[in-house]
Amino acid sequence: MAEDSDLEKTESASPRRLEQARQSGDVPRSRELGTCTLLLAAGAGLWMSGDGIMNAMSRLLADGMAFERARAFDMDLLLVRLADRLIDVLMAFAPLAGLLLLVAIASPLVIGGLVFSTEALAPNFNRLNPLSGLGNLVSTHSAVELLKAIAKALLVAVVAWLVISRQFDVMMALGLEPLQRGGAHMAGLLFKDFMIMAACLAFIAAIDVPFQLWQYNNKLKMTKEEVKQEAKESEGDPHIKAKIRAMQRQMARRRMMAEVPKADVVVTNPTHFAVALKYSEGAMRAPKVVAKGTDEVAAKIRELAAESGVPLLEAPPLARALHKHTELGDEIPSSLYTAVAEVLAYVFQLRAYKQHGGLQPQAPVDLEVPAAMDPFNPASRTDTGSMQ
């Protein structure tokens with residue numbers, strides 16, 4: 001049962017899946033929205049520019065019917081005159097055509113946005129497969145589109161019948177009116193009926209747009225297994241990431257261990273903590289921590305220090321404080337300057353003793369480490385609790 005549930009598309013499409021669909025040209029679209037907006041724009045354009053178009057066409061008709069007899073037998077002049085008239089017609093309808101072109105481009109962008117995909121232009125020979133075509137004819141999508149077309153045709157037919165039946169007497173009386181008045185009256189009736197039909201299509205579009213969005217999101221739904229697989233592809237396999245982190249830690253540890261032979265001293269706990277310090281007079285403001293670790297890492301640091309001749313100093317409170325309050329490459333805290341200065345003074349004296357002889361220096365004891373800096377000191381826990 002668990003495997004079956006993983007194969008069901010119950011999860012919403014991820015942003016990555018939506019972006020992939022968009023790149024392939026698959027975005028939600030509503031034909032009904034485009035149709036109704038075009039009709040409404042055509043009606044509005046005719047309402048605003050209808051008088052201008054009619055006046056321009058009247059002038060063109062009158063001008064076209066008036067010409068000299070000699071021009072009627074000159075084919076060159078007739079062709080030039082015809083070309084001029086065609087240009088005049090195009091100019092008369094240019095504002096309306098421009099409006100319709102703008103709406104035709106903008107209306108699909110309302111719910112799907114602007115998309116340009118070369119994948120949609122690539123040849124797909126599967127579309128030539130007759131079996132696929134037959135499958136599309138009996139698909140759920142085709143059935144829904146057929147029902148939508150039938151419902152749209154019925155709605156428009158019913159509304160058209162209701163509108164025309166109510167205006168039947170008025171339309172029959174148009175023949176009794178003067179030509180100019182009757183023509184204007186008829187144009188007004190046709191415009192009104194046209195806008196009513198367009199409003200019917202707007203009602204259909206208001207239903208179709210949410211349906212198309214729902215159908216699109218439902219089509220792109222993912223199974224739980226697909227979600228897991230996508231997470232692995234985008235974020236990486238957790239096992240591989242764990243291996244990478246382990247390799248990074250090993251590399252960082254090797255770099256740290258390479259600094260131990262260059263250290264001036266290693267302060268120990270003596271077994272659980274080890275911190276390697278280095279100080280270059282004039283190049284550093286204060287000693288820096290070049291290596292640190294606990295347990296096995298601390299043992300490795302002590303081993304490398306012994307092999308390289310780096311002095312080891314047992315100072316448990318100082319070792320714990322340095323390990324707790326510093327990171328690799330950090331300068332030591334100012335509160336530990338005094339204790340570390342004693343340690344370095346001992347190291348430099350020991351170095352001079354090994355080179356020139358003399359009295360062997362004594363390792364410092366009871367170094368001054370503030371109680372709040374030692375994580376094993378009860379005072380540090382009390383101070384930490386009060387700060388929290």
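**Exercise 1. The largest pocket**

Find which helix gives the most residues to the lining of the largest pocket in this predicted model.

*Solution.*
Step 1. Start with the space: the largest pocket holds about 630 Å³.
Step 2. Look at its centre. Of the 17 lining residues, Gly50, Asp51, Met54, Ala187 and Gly188 are the closest to it.
Step 3. List the elements that give two or more residues. They are helix H3 (31–65) and helix H9 (179–219).
Step 4. Pick the top contributor: H9, with 9 residues.
Step 5. Sort the lining by class. It has 11 nonpolar, 5 polar and 1 charged residues.

**Exercise 2. The largest cavity**

State how many cavities of 30 Å³ or more the model has, then describe the lining of the largest cavity.

*Solution.*
Step 1. The count is 1 cavity of 30 Å³ or more.
Step 2. The largest cavity encloses about 30 Å³ of space.
Step 3. Its lining is made by Pro28, Arg29, Ser30, Leu33, Gly34, Ser107, Pro108 and Ile111.
Step 4. By class, that lining splits into 4 nonpolar, 3 polar and 1 charged residues.

**Exercise 3. Alanine 319**

Decide whether alanine 319 is buried or exposed, and find its contacts beyond its neighbours within four places in sequence.

*Solution.*
Step 1. Place the residue: alanine 319 sits in helix H13 (residues 316–325).
Step 2. Read its relative accessibility, which is 0%. The cut-off for buried is under 20%. Alanine 319 therefore counts as buried.
Step 3. List the contacts, leaving aside neighbours within four places in sequence. They are Val267, Thr268, Asn269, Phe273 and Val275.
Step 4. Take one partner, threonine 268. It is 51 residues from alanine 319 in sequence, yet the two C-alpha atoms are 5.4 Å apart in space.

**Exercise 4. Aspartate 295**

Locate aspartate 295, give its phi, and classify its accessibility.

*Solution.*
Step 1. Aspartate 295 belongs to helix H12 (residues 295–308).
Step 2. Its phi is near 50°, a positive value in a residue other than glycine.
Step 3. Its relative accessibility is 44%. Partly exposed lies between 20% and 50%, so aspartate 295 counts as partly exposed.

**Exercise 5. Recorded transmembrane regions**

Compare the UniProt record with the model over residues 146–164 and 194–214.

*Solution.*
Step 1. Read the record. The unreviewed UniProt entry lists residues 89–116, 146–164 and 194–214 under "transmembrane region".
Step 2. Check residues 146–164. The chain there is 100% helix and 0% strand, with its end C-alpha atoms 27 Å apart.
Step 3. Check residues 194–214. This stretch is 100% helix and 0% strand, and its end C-alpha atoms are 31 Å apart.

Terms used. Residues numbered from 1 in each chain as written. Predicted model: local features only at pLDDT ≥ 70, side-chain atom pairs only at ≥ 80, totals over all residues. Heavy atoms only, no water. UniProt positions renumbered as here; feature names shortened; annotations may be inferred. Helix = DSSP H or I, 4+ residues; strand = E, 2+ residues; numbered from the N terminus. Buried < 20%, exposed > 50% of the residue type's maximum accessible area, 1.4 Å probe, protein only. 1 Å grid on protein atoms, 1.4 Å probe; cavity = no way out; pocket = protein on both sides within 12 Å on 5 of 7 lines; lining within 4 Å. Points joined across faces, edges and corners; volume = space filled by probe spheres on them. Nonpolar A, V, L, I, M, F, W, Y, C, P; charged D, E, K, R; others polar. Contact = heavy atoms within 4.5 Å.
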